[in-house]
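Work through the exercises below with the model on screen. Try each task before reading its solution.

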Amino acid sequence: PFHYIYIQLGLVEMAKAALISKKRKFVADGVFYAEINELFSRELAEDGYAGVEVRVTPLRTEIIIKATRTQDVLGEKGQRIRELTSVVQKRFNFKEGGVDLFAERVANRGLCAQTQAESLKYKLLGNLAVRRACYGVLRFIMESGAKGAEVTVSGKLRGQRAKSQKFADGYMIKTGHAFEEYVDTAVRHVLMRQGVLGVKVSVMLPHDPKGIVGPKSSLADVITIHEPKDGVRSY
């Protein structure tokens, strides 16, 4: 019986160790994603950087950079993407050929919150009036087929007093699982001469059955009434 108890305790300890290592793996994956996202958002800000996707295969790790100007991301004869690959490889101790970087064009830049937040940032840095810049971004998002959009700018807009301005158009949800699926959000910090402005862009994506420009699943409150089939009596 004692041997049996010791074996059981040993199994529990092994299970605990496995559980901790699994936790650490998730944390490490999150830190890795956060760090490369930060690197690319700083390095590729002017090239319409719109996010990164990490795919781990048994042979190598593939990092897909989403951007509006993929040619600028690749650089002349692919030089720039090779430099970025080398930086990532050295920073995270990947073996030679253990990591690959790819550039993917964003299907519709008007529906990408990160691209629009970056666009608004450069408009504000170019001394364009806040209201005009925000309405320009809002109109472009809505013309691209979004269900709704919201732009918030906060900081020292005019004068010494900080305030927040919100510009919205269309339909926007704020909570629940549908918010996670349908709303794309991005935040940028604009280093103006008078202080830092905070820019937040939220885009409500349209429903797309193919899942290309928006989520496949429809909203919970959308009711579809089908036509009755031939030969079936409807009451």
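## Exercise 1: The overall layout

The chain holds 6 helices and 7 strands. The model is a predicted one.

**Task.** In which order do helices and strands follow each other along the sequence? What share of the residues is buried?

**Solution.**
- Step 1. Read along the sequence. The pattern is α-β-β-α-α-β-α-α-β-β-α-β-β.
- Step 2. Turn to burial. The chain has 235 residues, and 35% of them count as buried.
- Step 3. Look at contacts between residues at least 6 apart in sequence. Of these, 53% join residues at least 24 apart.

## Exercise 2: Helix α4

**Task.** Describe α4. Which of its residues are buried, and what covers them?

**Solution.**
- Step 1. Take the length. α4 has 13 residues and spans 18 Å from its first C-alpha to its last. That is close to the 18 Å expected at 1.5 Å a residue.
- Step 2. List the buried residues. They are A113, Q114, T115, Q116, A117, E118, L120, K121 and L124.
- Step 3. Find the cover. It includes β1 (49-56), α5, β4, β6 (183-192) and β7.
- Step 4. Move just past the helix. There N127 takes a positive phi of about 60°.

## Exercise 3: Helix α5

**Task.** Do the same for α5. What do its buried residues pack against?

**Solution.**
- Step 1. α5 covers residues 130-143, which is 14 residues. Its first and last C-alpha atoms are 20 Å apart, close to the expected 20 Å.
- Step 2. Buried here are V130, A133, C134, G136, V137, L138 and I141.
- Step 3. Recall a rule for spacing. An α-helix has 3.6 residues a turn, so residues three or four places apart point the same way.
- Step 4. Identify the partners. The buried residues pack against α4 (113-125), β4 (148-155), β5 (163-170) and β7 (195-204).
- Step 5. Step just beyond the helix. G145 has a positive phi of about 105°.

## Exercise 4: How α4 and α5 meet

**Task.** Are α4 and α5 roughly parallel or roughly antiparallel? Which residues make the contact?

**Solution.**
- Step 1. Get the geometry. The two axes come within 10 Å and cross at roughly 155°.
- Step 2. Apply the cut-off. Angles over 145 degrees count as roughly antiparallel, so α4 is roughly antiparallel to α5.
- Step 3. Add the handedness. α4 passes α5 in a right-handed crossing.
- Step 4. Name the residues. From α4 come Q116, S119, L120, K123 and L124. They meet V130, A133, C134, G136, V137, F140 and I141 of α5.
- Step 5. Sort them by type. The contact has 8 nonpolar residues, 3 polar and 1 charged.

## Exercise 5: Two residues with positive phi

**Task.** Where do K77 and N127 lie? Is K77 buried or exposed?

**Solution.**
- Step 1. Start from the general case. Most residues other than glycine have a negative phi.
- Step 2. Check the two values. Phi is near 55° for K77 and near 60° for N127. Neither residue is a glycine.
- Step 3. Place them. K77 sits in the loop between α2 and α3 (79-91). N127 sits in the loop between α4 and α5.
- Step 4. Judge exposure. The cut-off for exposed is over 50% relative accessible area. K77 has 77%, so K77 is exposed. N127 has 69%, so N127 is exposed.

## Exercise 6: Three single sites

**Task.** Locate T68, S202 and A162. What does each one touch, leaving aside neighbours within four places in sequence?

**Solution.**
- Step 1. T68 lies in the loop between β2 (61-67) and α2 (70-74). Buried means under 20%. T68 is at 12% relative accessibility, so T68 counts as buried. Its contacts are D47, G48, R105, V106, R109 and T115.
- Step 2. S202 belongs to strand β7. Its relative accessible area is 7%, so S202 is buried too. S202 touches G148, A149, E150, M172, V183, D184 and T185.
- Step 3. A162 is in the loop between β4 and β5. A162 is in contact with G155 and K156.
- Step 4. Now compare sequence and space. A162 and L197 are 35 residues apart along the chain. Their C-alpha atoms are separated by 9.2 Å.

Key: Residues are numbered from 1 along each chain as its sequence is written. This is a predicted model: local features need pLDDT of at least 70, side-chain atom pairs count only at pLDDT 80 or more; totals for chains, interfaces and linings use all residues. Side-chain values use heavy atoms; hydrogens and water are left out. Helices (H or I, at least four residues) and strands (E, at least two) are DSSP runs, numbered from the N terminus. The expected span of a helix is 1.5 Å times one less than its number of residues. Buried means under 20% relative accessible area, exposed over 50%, partly exposed in between (1.4 Å probe, protein chains only). Contact means heavy atoms within 4.5 Å. Axes are lines fitted to C-alpha atoms, for helices over the stretch in contact, and angles run from 0 to 180 degrees between N-to-C directions. Angles under 35 degrees count as roughly parallel, over 145 as roughly antiparallel, 65 to 115 as roughly perpendicular and the rest as oblique. A crossing is left-handed if the near helix is turned anticlockwise from the far one by less than a right angle, and right-handed if clockwise. Ala, Val, Leu, Ile, Met, Phe, Trp, Tyr, Cys and Pro count as nonpolar, Asp, Glu, Lys and Arg as charged, and the others, Gly among them, as polar.
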